[in-house]
Amino acid sequence: MSAELDALLARIRAVPPSAGGTRVIGLDGRSGAGKSTLALLLAPELGAPVVHLDRLYDGWDGLERGVATLEREVLEPL
């Protein structure tokens, strides 16, 4: 594991959970920026699932509906 990833994990672990006993980490960026790669590196280290927003909506026209689904089905239950 890289020093940068170790440092990021240390910073994440230092922040108390904000959704009950759960830490919610959101990754945002342009297409191809490495969001999924970073999420898949962090997830096993943190024992966390990865929720890909693009699996919750159909294309760019469904983005608003996808965010509502994320809130209703993932965040609110936490």
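Is valine 24 counted as buried, partly exposed or exposed, and what is its relative accessibility? In this predicted model, valine 24 has a relative accessibility of 41% and therefore counts as partly exposed, given that the partly exposed class lies between 20% and 50%. The residue is located in the loop that runs between helix H1 (3–14) and helix H2 (35–46). Together with Leu75 and Leu78, Val24 makes a nonpolar surface patch of about 230 Å².

Helix H2 has 12 residues, for which a rise of 1.5 Å a residue gives an expected span of 16 Å; the C-alpha atoms at its ends are 16 Å apart, in agreement with this value. Within H2, the residues Ala39, Leu42 and Ala43 are buried. Viewed down the helix axis, the buried residues of H2 fall within an arc of 110 degrees, so they line one face of the helix. These buried residues pack against H1. Thr37, Leu40 and Pro44 are exposed, and they are carried on the face of H2 that is turned away from the buried side. Just after H2, glycine 47 adopts a positive phi of about 65 degrees.

One salt bridge is present in the structure. It joins the side chains of arginine 72 and glutamate 73, with an N to O distance of 3.3 Å. Glutamate 73 has a relative accessible area of 51% and is exposed, as the exposed class begins over 50%. Arginine 72, with a relative accessible area of 46%, is partly exposed.

Key
Residues are numbered from 1 along each chain as its sequence is written. This is a predicted model: local features need pLDDT of at least 70, side-chain atom pairs count only at pLDDT 80 or more; totals for chains, interfaces and linings use all residues. Side-chain values use heavy atoms; hydrogens and water are left out. Patches are made of residues with over 30% relative accessible area and no salt bridge: like charges are joined within 9 Å, nonpolar side chains (Val, Leu, Ile, Met, Phe, Trp, Tyr) within 5 Å. Accessible areas come from the Shrake-Rupley method with a 1.4 Å probe; for residues, only the protein chains shown count as cover. A salt bridge is a side-chain nitrogen of Lys or Arg within 4 Å of a carboxyl oxygen of Asp or Glu. Helices (H or I, at least four residues) and strands (E, at least two) are DSSP runs, numbered from the N terminus. Buried means under 20% relative accessible area, exposed over 50%, partly exposed in between (1.4 Å probe, protein chains only). The expected span of a helix is 1.5 Å times one less than its number of residues. The arc is that of the directions from the helix axis to the C-beta atoms. Contact means heavy atoms within 4.5 Å.
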